[in-house]
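Trainee: Could you walk me through this one? I'd like to know what the labels rest on.

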Amino acid sequence: RDKLLDFYFAFPFSIKFYLLANQSLASPLNGEGKGMKAVFIGDVHGQLAELEAIVEKVSAELKSSSLSLDDVQVVFLGDYVDRGDQVKDVIDYLIEFKQRHPLTIFCEGNHEFSLKAFLGLFHVDREVIKEMKAGYIVRPGKNRSEEKLYGEWGHETMEVASEDVLDQMHLQGRRYAAAYIKDGEVVETSVFNSAATFASYGVEYGDRQGLIAAVPQSHKEFLQSLVWLAEGNADGMPFFALHAGFEESKGKEESLRILKSKECSTLFVQEIAGRNNVFRSPSWIDEGTAVVSGHHGKFFNEGLRYVIDKRGGEGPIQALILPDGKVL
């Protein structure tokens with residue numbers, strides 16, 4: 001295995017990204033690992049101690065069945081950043097975890113999606129951006145002569161960077177370091193609680209260029225490698241794992257197309273950011289197939305639909321073992 005890892009890390013970033021980003025289609029997740037159980041780990045949100053605790057708890061549970069983490073498929077369900085104060089250490093831990101357990105899959109959460117957009121790790125077609133900017137106005141910014149965008153969106157006011165950045169940045173990236181209005185008062189932090197991420201990297205809140213410079217390349221590669229969908233088989237039980245869930249209205253073909261292509265032409269990618277509309281399994285999920293998510297800040301189990309995010313990144317992290325249905 002060590003030789004395999006050395007071979008992998010010898011690749012240039014572009015090849016590594018391709019391999020990682022497409023592992024939901026190329027790894028034992030796609031059905032070849034039918035003899036393997038699967039472990040799903042819920043939202044982490046910068047909580048290193050809680051992350052270490054749940055991994056230890058999973059390891060102990062597997063050991064009781066004469067198994068180890070090398071004998072199962074591990075899937076993390078997203079939201080590794082924001083809220084907790086050890087974001088940088090959490091990502092270091094996850095990168096090392098992947099090195100020790102190469103089959104591990106990391107799903108992308110809505111928090112990583114917004115952070116990636118803010119860092120410029122992906123861009124959106126300019127015509128799509130124009131649609132996203134419709135209804136927004138530009139006013140003089142607070143920092144020197146830079147312009148910042150303010151836009152009414154429900155009860156939120158967004159404040160972001162200059163126009164050359166806005167021409168490429170997804171709207172969720174703009175929200176990442178934005179102020180918002182709560183009970184009529186402006187709150188000088190993001191709805192994502194992203195100040196914790198800035199602080200973890202030693203950067204003043206809202207300093208985009210500072211954060212871009214402070215986030216190590218290995219962390220950017222990790223963020224780039226995240227998948228929107230993990231699809232596989234847990235010892236005979238087919239499963240889908242994704243951060244938030246599937247929308248009933250889109251149907252199976254459209255949903256899988258969006259997730260596998262990482263299409264981000266809408267204000268919200270419902271499959272990683274939706275709420276009630278993606279909470280339950282849609283009718284088009286095949287019988288006997290599990291759907292596992294985090295994101296929702298609660299635990300839920302109905303048939304083979306699991307939501308394992310009881311504390312929403314503020315306290316103990318949950319895990320699920322399939323096909324056993326064991327929740328830790």
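What follows is a short chat about burial and strand pairing.

Mentor: Ground rules first: this is a predicted model, where local features need pLDDT of at least 70, side-chain atom pairs count only at pLDDT 80 or more, and totals for chains, interfaces and linings use all residues. Residues are numbered from 1 along each chain as its sequence is written, and side-chain values use heavy atoms, with hydrogens and water left out.

Trainee: What makes strand E11 largely enclosed by the rest of the structure?

Mentor: Buried means under 20% relative accessible area (exposed is over 50%, partly exposed in between; 1.4 Å probe, protein chains only). In E11, residues 237-241, 4 of the 5 residues meet that cut-off, so the strand counts as largely enclosed. Across the chain, buried residues make up 55% of the 328 residues.

Trainee: How do you know that E10 and E11 pair?

Mentor: Strands are DSSP runs of E, at least two residues, numbered from the N terminus (helices are H or I, at least four). Two strands pair if DSSP finds at least two bridges between them. E10 (residues 230-234) and E11 share 5 bridges, antiparallel, so they pass. Asn-233 has Pro-238 in E11 as its bridge partner.

Trainee: What about E11 and E12, which sense do they pair in?

Mentor: Parallel, over 3 bridges, with E12 at residues 290-293. Phe-240 stands opposite Val-291 in E12.

Trainee: Why are E3 and E16 said to stand at the edges?

Mentor: The open sheet runs E3-E2-E1-E15-E16, with mixed pairing. E3 (105-106) and E16 (326-327) each have a single partner strand, so one side of each is left without a neighbour in the sheet.
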